[in-house]
Amino acid sequence: MSSNTRAKMVAGAADLMSRRGVNATSMREVVRHTGTPRGSIGHHFPRGKQQLIEDALVFAGKQVSGPLEHLTQSRGAVAGLRAFIALWRQTLERTKYQAGCPVLAVSVEQYVNDATEKDGEPDEAAQQRLLDLANGVFADWQRIMFAALGREGVAPARARRLAALVIASTEGTVAMCRAARSAQPLDDVRQELELVLSSALDK
């Protein structure tokens, strides 16, 4: 079993989570979605679905943090934000507004391990683990924006609040775009966030 198969399953799980949510992303669906051998599950993910979801969550976080860090470092906070939101717009339009954020999906769902749980009872330990990972992803994204704002002279306390505003606004707006099947909410929020950040940078 190759590492490419594992990577394909992790990326496929992240994609399904972004479209269907966590509990609808079963191991069987991931195998079907990625065209990978069913025997790959036990080999690459001995802890089953929870391990796959955890790895997909970390993968999804890096898919955003990498470009976000590069864009803010190379273009500054406002231009980086503009390009970051453009990436979300591309994702929404490419998937016909079917894909959202898998990290947000983990944050709002109560995890149920379909392989081991009886009667749909939630797995509290797994839920806490997934929430901790999601919180770490959000914290990493905020750290990147915080650093970008700090490099341009924004005071630490204000930079921390603005970083939280940027990530929370973007995440919420992606959900709004999915519901509206339109990128208009993202465009509106981008314009307002740019004004807020520009104002902070001018002081």
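Which residue just after helix 5 takes a positive phi? The legends below answer this and describe a predicted model, in which local features need pLDDT of at least 70, side-chain atom pairs count only at pLDDT 80 or more, and totals for chains, interfaces and linings use all residues. Residues are numbered from 1 along each chain as its sequence is written, and side-chain values use heavy atoms, with hydrogens and water left out.

**View 1. Helix 5 and the residue after it.** Helix 5 covers residues 77–94 (helices are DSSP runs of H or I, at least four residues, numbered from the N terminus). Its 18 residues should span 26 Å at 1.5 Å a residue (the expected span is 1.5 Å times one less than the number of residues), and the end C-alpha atoms are 26 Å apart, which agrees. Lys96, just after the helix, has a positive phi of about 55 degrees.

**View 2. The buried side of helix 5.** Buried residues (under 20% relative accessible area, 1.4 Å probe, protein chains only; exposed is over 50%, partly exposed in between) include Phe84, Ile85 and Trp88. The buried residues of helix 5 pack against helix 4 (49–75), helix 7 (124–151), helix 8 and helix 9 (184–202).

**View 3. Arg158 in helix 8.** Arg158 lies in helix 8, residues 156–180. Arg158 counts as partly exposed because its relative accessibility is 28%. Beyond its neighbours within four places in sequence, Arg158 is in contact (heavy atoms within 4.5 Å) with Val196 and Ala200. Gly100 is 58 residues from Arg158 along the chain, and their C-alpha atoms are separated by 28 Å.

Note on methods. Helices (H or I, at least four residues) and strands (E, at least two) are DSSP runs, numbered from the N terminus.
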